[in-house]
Amino acid sequence: MKMKSHSRRKFMKNGSQVVLVLLLAPQLIACKGKSEVAATAVMNEELKKLMDFSISGDESYQIRNLAGNLWTFEERGGTIGFDVSDDGIAIVDTQFPEQSQHLVDAIREQTDRSIDLLINTHHHGDHTSGNNVFKKLIKDSVAHSNSKKNQLSRAEGSDKVDQIFFPETVFEDSWKTNLGSETVLMNYYGAGHTNGDAITAFVNTNAVHLGDLVFNRRYPYIDKSAGANIQNWIVVLDKVLESHNTETKYIFGHSDNGYDLVGNYEDIKAFQNYLERLLEFGEKSFKAGKTLEELNAETTMIPGAEEWKGDGILRSLDAVYQELS
Ligand SMILES: [Zn+2]
């Protein structure tokens with residue numbers, strides 16, 4: 001069920017806070033089946049605390065307000081961040097085509113304004129496969145130059161290359177633009193999860209999308225085939241923390257079950273500790289002459305970083321041995 005158009009106009013005039021209400025409203029109405037109840041409910045500021053909803057059918061997604069006009073979209077793949085205001089719309093990452101379409105539909109419930117900017121944090125398919133959905137909707141698209149190179153080389157030989165959308169603008173060290181009152185600042189601090197991870201700050205909101213530079217309490221993918229570097233990843237996170245403050249809010253690409261896809265300074269320090277302990281553990285095992293096979297067979301956690309879980313510990317061990325070899 002759609003909101004009545006006069007209601008939509010009214011909400012849009014009132015600014016960002018009510019965008020959430022609009023995003024929530026159709027789904028709440030659909031879920032509850034009683035429009036009066038839902039209509040009353042959506043007017044309640046307490047709804048901001050609910051911040052999630054499902055759509056009918058097999059798919060479900062979650063849209064949450066992080067701060068100001070900045071939102072997260074979670075469904076399948078790396079977390080999407082998006083900023084919507086009367087001054088501009090920016091999207092950070094695109095998951096897969098179906099997910100991107102869900103996001104476009106949700107935004108179109110709010111505004112017909114064209115989308116100003118599409119950002120890719122890095123080239124991995126769970127962050128860029130939905131790019132094509134935005135192809136005709138955006139004015140500009142940006143990624144680090146290595147991210148585009150990686151995306152192009154992965155696409156080589158693919159029979160679907162004409163369906164892949166590559167960012168048009170690339171940067172080396174930093175890139176900046178203004179969307180009305182918001183400043184979008186992208187930085188690159190060298191290799192980490194890949195050799196092309198961009199850090200996207202929404203400066204005035206004091207929030208940052210880190211792409212896959214943080215896996216929250218989940219074993220990370222360390223893409224050595226795309227130039228990942230554990231040692232420098234630790235330095236990259238230092239630079240992230242130095243460039244922001246303890247109040248800054250962060251969006252992470254992935255988290256383990258029960259852990260959030262958004263977080264703060266402490267979460268970044270905890271992940272940095274994981275990388276440090278991984279490197280230390282790998283070095284010790286390597287110097288002791290242990291083979292990767294032996295290490296894989298006997299390791300169930302990284303000493304000193306026991307909070308990290310999931311299925312990917314072997315990928316971490318493999319990556320650290322590659323780095324030390
Ligand atoms: Zn990734």
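After helix α10 comes Gly 289, whose phi is positive, near 80°; helices (H or I, at least four residues) and strands (E, at least two) are DSSP runs, numbered from the N terminus. The model is a predicted one, in which local features need pLDDT of at least 70, side-chain atom pairs count only at pLDDT 80 or more, and totals for chains, interfaces and linings use all residues. Residues are numbered from 1 along each chain as its sequence is written.

Helix α10 itself covers residues 265-287, and because a helix is expected to span 1.5 Å times one less than its number of residues, its 23 residues should span 33 Å, which agrees with the 33 Å between its end C-alpha atoms. Its buried residues are Ile 268, Phe 271, Tyr 274, Leu 275, Leu 278, Phe 281, Gly 282 and Ser 285, where a residue is buried if 20 or more other C-beta atoms, placed from the backbone, lie within 10 Å of its own. These residues pack against β12 (215-216), α9 (230-243), β13 (249-251), α11 (292-298) and α12 (313-324), a contact being two residues whose C-beta atoms, placed from the backbone, lie within 7 Å.

In the protein there are 12 helices and 15 strands, and of its 325 residues 41% count as buried. Among contacts between residues at least 6 apart in sequence, 66% join residues at least 24 apart.

Seven strands form an open sheet with mixed pairing, in the order β1-β2-β3-β4-β5-β6-β7, two strands being paired if DSSP finds at least two bridges between them. The edge strands, each pairing on one side only, are β1 (62-67) and β7. Neighbouring strands of this sheet are turned by 20° against each other on average, direction ignored, with axes taken as lines fitted to C-alpha atoms, for helices over the stretch in contact, and angles running from 0 to 180 degrees between N-to-C directions.

Three of the pairings are set out below.

| Strands | Sense | Bridges | A residue pair |
|---|---|---|---|
| β1 and β2 (70-74) | antiparallel | five | Ala 67 and Leu 70 |
| β5 (115-119) and β6 (138-144) | parallel | four | Leu 117 and Asp 140 |
| β6 and β7 (169-171) | parallel | three | Val 142 and Thr 169 |

Strand β6, helix α8 (residues 145-155) and strand β7 make a right-handed β-α-β unit, which means that, with the strands pointing away from the viewer, the path from the first strand over the helix to the second runs clockwise.

Methods. Buried ≥ 20, exposed ≤ 12 C-beta atoms within 10 Å, placed from the backbone.
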